[in-house]
Amino acid sequence: MNSRSHLPITPALTSRLPAVGTTVFTRMSTLAAQAGAVNLGQGFPDFGCERSLLSAVNDAMQADFNQYPMMSGAPVLRNAIVAKIAAIYGHQYHADTEITVTAGATQALTTAIFCCVHPGDEVIVIEPVYDSYVPAITLAGGVPVAVEMEVGANGYTVPWSKVAAAVNGKTRLIIINTPHNPTSTVLRAADLQALSDIVRGTDVLILSDEVYEHMVYDGHQHESVSRYPELAARAFVVSSFGKTYHVTGWKIGYVAAPAALTAEFRKVHQYNVFSVNTPMQHGLASYMADPKPYLELPAFYQRKRDLFRDGLKNTRFELLPADGTYFQCVRYDKISQQTEAEFAEWLTTEIKVAAIPVSAFYQQGKESGIVRFCFAKKDETLALALERLGKV
């Protein structure tokens, strides 16, 4: 008798996300490690945070802030967030009813989608689009409706007339991302006005992903949705401490939204994570008493951007504008006619510098001959990458 016939059998499972596999970030980071490449693919720093932030978290642990916090977040941190938004963007949220601390920005984005998108609702996304949005819409039973950014010599722009044309009676939500990953585009006041014109008189909500809010360059300011009362009244605004303070592994973010939207957000939030790391919340609140770290962040990253761009000018890559975030997109059509995925893999295995194909940020994998580098790296890391890229 075959003993294998008596082995336990795992029942078949019908996938909720049949089209989703391993993310491009995981694939490229794995390939980079295997090839010994400089990893300019996945978007995280290779340098540490300020030691005083670590001390603040340690102090919180030593002070026994180690039990569950309030579901909505530690009051001291929510108050610090309110004060920061009011100081920078001029909008006064209420700490008790309009701010929720989340387990990173991805959880915030997903929870916002789950709390307001019902089966059959349409959600407008701007492509290229960060990879977590569409799976969350699909899991909620919504229908993603993509509007492609236009790209030319001056970089990427949002065609607001096409966004307006996509709005109909089924539209529940428009998701925007500024500064934008992966294109480094920063929405200006005219863009926010165009968005206001589109949603005025409708019941359409806004989900604004602003995790790179403190990485805007060349003297420009970040146009948060919070600056615009007409938009803020219908918006979930998401930000990330991980991006701002170089601690992406901490996975702490927050959502600011009107009380009615926050109430629905928290209904979902309390049953998927309930609450977020307590001592880190208290440590962050203490650290935020000094605004200097985030006020100086634009200059910090602009220097790295300029260093990287200056080095790339000596290569065959064509630079696209990088007005915000810590990403730089480049055209490579003077180097290769490969697809973006093929070129990124070749760059990683042969040149030993990892990049991300921008085609991965389109539902249908649109080819534009563009890849994305991350410059949130030590100067020596960037110098080594530039040395290798100069040989292409």
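Domain bounds here come from an automatic or database domain assignment. Keep that in mind for what follows. This is a predicted model.

So, the layout. The assignment splits the chain into domain 1, residues 24-43 + 293-390, and domain 2, residues 51-289. Their C-alpha centres sit 25 Å apart. Across the boundary, 28 residues of domain 1 are in contact with 38 residues of domain 2.

Now the pockets. Where does the largest pocket lie? Domain 1 and domain 2 both give residues to its lining, so the largest pocket lies between them. Its volume is about 630 Å³. The lining counts 25 residues. Nearest the centre are A19, V20, D131, V134 and P135. Two helices each supply at least two lining residues: α1, 24-35, and α6, 133-139. Which of the elements gives the most? That is α6, with five residues. On chemistry, the lining of this largest pocket has 15 nonpolar, eight polar and two charged residues.

Next, the second largest pocket. Its volume is about 500 Å³. It is lined by 25 residues, and G43, T106, Y130, K243 and K251 are those nearest its centre. Both domains take part here too: domain 1 and domain 2 each give at least three residues to the lining. Helices α5, 105-116, and α10, 241-244, each supply at least two. The largest share comes from α5, with three residues. By class, the lining of the second largest pocket has nine nonpolar, 11 polar and five charged residues.

Let me stay with α1 for a moment. We met α1 in the lining of the largest pocket. This helix also packs against α15, residues 340-351. The angle is about 25°, and the axes are 8 Å apart. Angles under 35 degrees count as roughly parallel, so α1 is roughly parallel to α15. Who makes the contact? From α1, the residues are M28, L31, A32 and A35. From α15, they are A344, E345, T348 and T349. By class, that contact has five nonpolar, two polar and one charged residues.

On to closed space. How many cavities of 30 Å³ or more are there? The count comes to two.

Take the largest cavity. It has a volume of about 100 Å³. There are 14 lining residues, and I126, I175, I176, N177 and H180 are the closest to its centre. Strand β7, residues 171-177, gives the most to this lining, with three residues. The classes here are 11 nonpolar, three polar and no charged residues.

The second largest cavity has a volume of about 60 Å³. Its lining includes I85, Y89, E210 and E213. Also in that lining are, among others, S224, S226, Y254 and A256. Three elements each supply at least two lining residues: α3 (75-89), β9 (235-240) and β10 (253-256). Strand β9 has the largest share, three residues. By class, the lining of the second largest cavity has six nonpolar, three polar and two charged residues.

To recap the chemistry. The largest cavity has no charged residues in its lining, whereas the second largest cavity has two. The largest pocket has two charged residues in its lining, and the second largest pocket has five.

And the geometry to take away: the largest pocket lies between the two domains, and the second largest pocket also draws its lining from both.

How values were computed: Residues are numbered from 1 along each chain as its sequence is written. This is a predicted model: local features need pLDDT of at least 70, side-chain atom pairs count only at pLDDT 80 or more; totals for chains, interfaces and linings use all residues. Side-chain values use heavy atoms; hydrogens and water are left out. On a 1 Å grid over the protein atoms alone, a cavity is a set of points where a 1.4 Å probe fits but cannot get out, and a pocket is an open set with protein on both sides within 12 Å along at least five of seven lines; lining residues have an atom within 4 Å of a point. Grid points are joined across faces, edges and corners, and a volume is the space filled by probe spheres set on the points. Helices (H or I, at least four residues) and strands (E, at least two) are DSSP runs, numbered from the N terminus. Ala, Val, Leu, Ile, Met, Phe, Trp, Tyr, Cys and Pro count as nonpolar, Asp, Glu, Lys and Arg as charged, and the others, Gly among them, as polar. Axes are lines fitted to C-alpha atoms, for helices over the stretch in contact, and angles run from 0 to 180 degrees between N-to-C directions. Angles under 35 degrees count as roughly parallel, over 145 as roughly antiparallel, 65 to 115 as roughly perpendicular and the rest as oblique. Contact means heavy atoms within 4.5 Å.
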